[in-house]
Amino acid sequence: MRKALICPTKYVQGEDELLNLGYFVQTYGKSALLIAHPDDVERVKTQLEETKKKFNITFVESGFCGQCSRQEVKRLQELAKEKNCDCTIGLGGGKAIDTAKCVAEGDNLIIVPTIAATDAPTSHSAVLYTPDGAFDDYAYFKQSPSVILIDTKVIANAPTRFIVSGMGDALSTYFEARANVQSFTKVNAGLPCGVREGLCPEARGTNAAFVLAKACYENLMTDGIKAKMASDINAVTPALENIIETNILLSGLGFESGGLAAAHAIHDGLTILEGTHGYFHGEKVAFGTLCQLALENAPMEEILEVLDFCDAIGLPVCLEDIGVTEITDEELIEVAKKACIPEESIYAMPFPITIENVAASIKAADEIGRKYKAGLL
Ligand SMILES: [Zn+2]
């Protein structure tokens, strides 16, 4: 059987790690194209100035427009060429990071997440949007980022909702990887550069990826609540450090090399509901995880463990918690239809999938979540 695993060349996290950013730039040359939202640059201005001086390097400000579109990527690539940049830095949240991945195309790329809200920083993929913000396409690169650099103090000082959402994204990783192991489904790690599939043979997940996905879940259970409290008081504690690593590294490698399944597909389906738009990716994924557990008829004790966890750190457990106060059966079918389009990860589940079953699992997960909140479970 063909198997594959992909990962960043280097992952570093620590207090004041941003001060070492210049060191990594220096390993490529003198100057770096800095792709970041102006607010994020402002947050870490002092550290950027300090590392610039210490390592005698230059940051070329990109004037990033905030959207990861083909037009913006092309403009930034031309700017990098014109200014002779030796490497690309993506600093901040999802859009800046994805744009930096597209600009660098797998070469000399340093990713500096300033929040731990998703597991996207470590991956070799990005999502492209049109300039108006509509979904355009997925892009895959020949390599994962060269360096992932995380300043734990910066993450600790970000609003707690971000790290809690990151735990929601990480919550699905083990259950989705488990489904992939059971169904022998191909994983993203095996995808060739540039296109989604077709040019090179498929690859399944490795044992290594599944072990990481398992550790991801175990860490959430052990340190999730403690990390949430540490974030509330902006303190870097061992629990917070463990959860930063869990949300970004373990979940990142776990999803990309272990595979996605129903939780993320149902997340994608839920995005058609207007009410969910104010909620973060990880918040919707947490509820998607409960839907996957209902869909696969997981043991009640497993469902209760996940419910206890979500409830303790403030992750959604029912539709109302993600802004959906009312839903008709017809709307549920539409959500399920979107979750079941042919390219969705839902087919990684180890049994046949029907739109009706998926709609029923969302309804059942909502009922379980509501009963739980009412103290009836
Ligand atoms: Zn995700």
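The legends below accompany several close-up views of a predicted model.

**Figure 1. The whole protein chain of the predicted model, with its helices and strands.** The protein chain has 14 helices and eight strands, and along the principal axes its C-alpha atoms fill a box of roughly 60 × 50 × 40 Å. For 377 residues, a compact globule would be expected to have a radius of gyration near 21 Å, and the 20 Å of the protein chain agrees with this. Buried residues account for 54% of the 377 residues. If one considers the contacts between residues at least 6 apart in sequence, 77% of these contacts join residues that are at least 24 apart.

**Figure 2. Helix α7 beside helix α12.** The axes of α7, which covers residues 160-183, and α12, which covers residues 300-313, come within 10 Å and cross at roughly 165°. Angles over 145 degrees count as roughly antiparallel, and α7 and α12 are therefore described as roughly antiparallel to each other. Their crossing is right-handed. On the side of α7, the residues that take part are V164, M167, L171, F175 and R178, and they meet E302, V306, F309, C310 and I313 of α12. Sorted by class, the residues of this contact comprise eight nonpolar and two charged ones, with no polar residue among them.

**Figure 3. Helix α7 beside helix α11.** Here α7 packs against α11, which covers residues 281-295, at an angle of about 30°, and the two axes are 7 Å apart. The crossing of α7 with α11 is left-handed. From α7, the contact draws on R161, S165, G168, D169, L171, S172, F175, E176, R178 and A179, while α11 contributes H281, G282, E283, V285, A286, T289, Q292 and L293. This contact of α7 with α11 contains six nonpolar, seven polar and five charged residues.

**Figure 4. Helix α7 beside helix α10.** The axes of α7 and α10, the latter covering residues 262-270, lie 8 Å apart, and the two helices pack at an angle of about 130°. With that angle, α7 counts as oblique to α10. Three residues of α7, namely D169, S172 and E176, meet A262, A263 and H264 of α10. The classes are evenly represented in this contact, with two nonpolar, two polar and two charged residues.

**Figure 5. The surroundings of L315, in the loop that follows α12.** L315 is found in the loop between α12 and α13, the latter covering residues 329-339. Its relative accessible area is 5%, and L315 is therefore counted as buried. When residues up to four places away in sequence are set aside, L315 touches V164, S165, M167, G168, G282, E283, A286, F309 and C310. Among these partners, V164 and M167 also belong to the residues of α7 that meet α12, and G282, E283 and A286 belong to the residues of α11 that take part in its contact with α7. A separation of 194 residues in sequence lies between L315 and P121, whose C-alpha atoms are 21 Å apart in space.

**Figure 6. S361 in helix α14.** S361 is part of α14, the helix that covers residues 355-373. Its relative accessibility is 4%, and because a value under 20% counts as buried, S361 is placed among the buried residues. Apart from neighbours within four places in sequence, S361 is in contact with I266, C291, A294 and L295.

**Figure 7. L377, in the segment after α14.** L377 lies in the segment that comes after α14. Once neighbours within four places in sequence are left aside, L377 is in contact with M300, L304, L307, I368, K371 and Y372. The C-alpha atoms of L377 and I163 are separated by 28 Å, and these two residues are 214 residues apart along the chain.

**Figure 8. E105 and N108, in the loop between α5 and β5.** The loop that holds E105 runs between α5, covering residues 94-104, and β5, covering residues 109-113, and N108 lies in the loop between these elements as well. E105 has a positive phi of about 50°, although it is not a glycine. In N108, also a residue other than glycine, phi is near 45° and is likewise positive. E105 has a relative accessible area of 46% and is partly exposed, and N108, with a relative accessible area of 29%, is partly exposed too.

Technical notes. Residues are numbered from 1 along each chain as its sequence is written. This is a predicted model: local features need pLDDT of at least 70, side-chain atom pairs count only at pLDDT 80 or more; totals for chains, interfaces and linings use all residues. Side-chain values use heavy atoms; hydrogens and water are left out. Axes are lines fitted to C-alpha atoms, for helices over the stretch in contact, and angles run from 0 to 180 degrees between N-to-C directions. Helices (H or I, at least four residues) and strands (E, at least two) are DSSP runs, numbered from the N terminus. Angles under 35 degrees count as roughly parallel, over 145 as roughly antiparallel, 65 to 115 as roughly perpendicular and the rest as oblique. A crossing is left-handed if the near helix is turned anticlockwise from the far one by less than a right angle, and right-handed if clockwise. Contact means heavy atoms within 4.5 Å. Ala, Val, Leu, Ile, Met, Phe, Trp, Tyr, Cys and Pro count as nonpolar, Asp, Glu, Lys and Arg as charged, and the others, Gly among them, as polar. The radius of gyration is taken over C-alpha atoms; the globule rule is 2.2 Å times the number of residues to the power 0.38. Buried means under 20% relative accessible area, exposed over 50%, partly exposed in between (1.4 Å probe, protein chains only).
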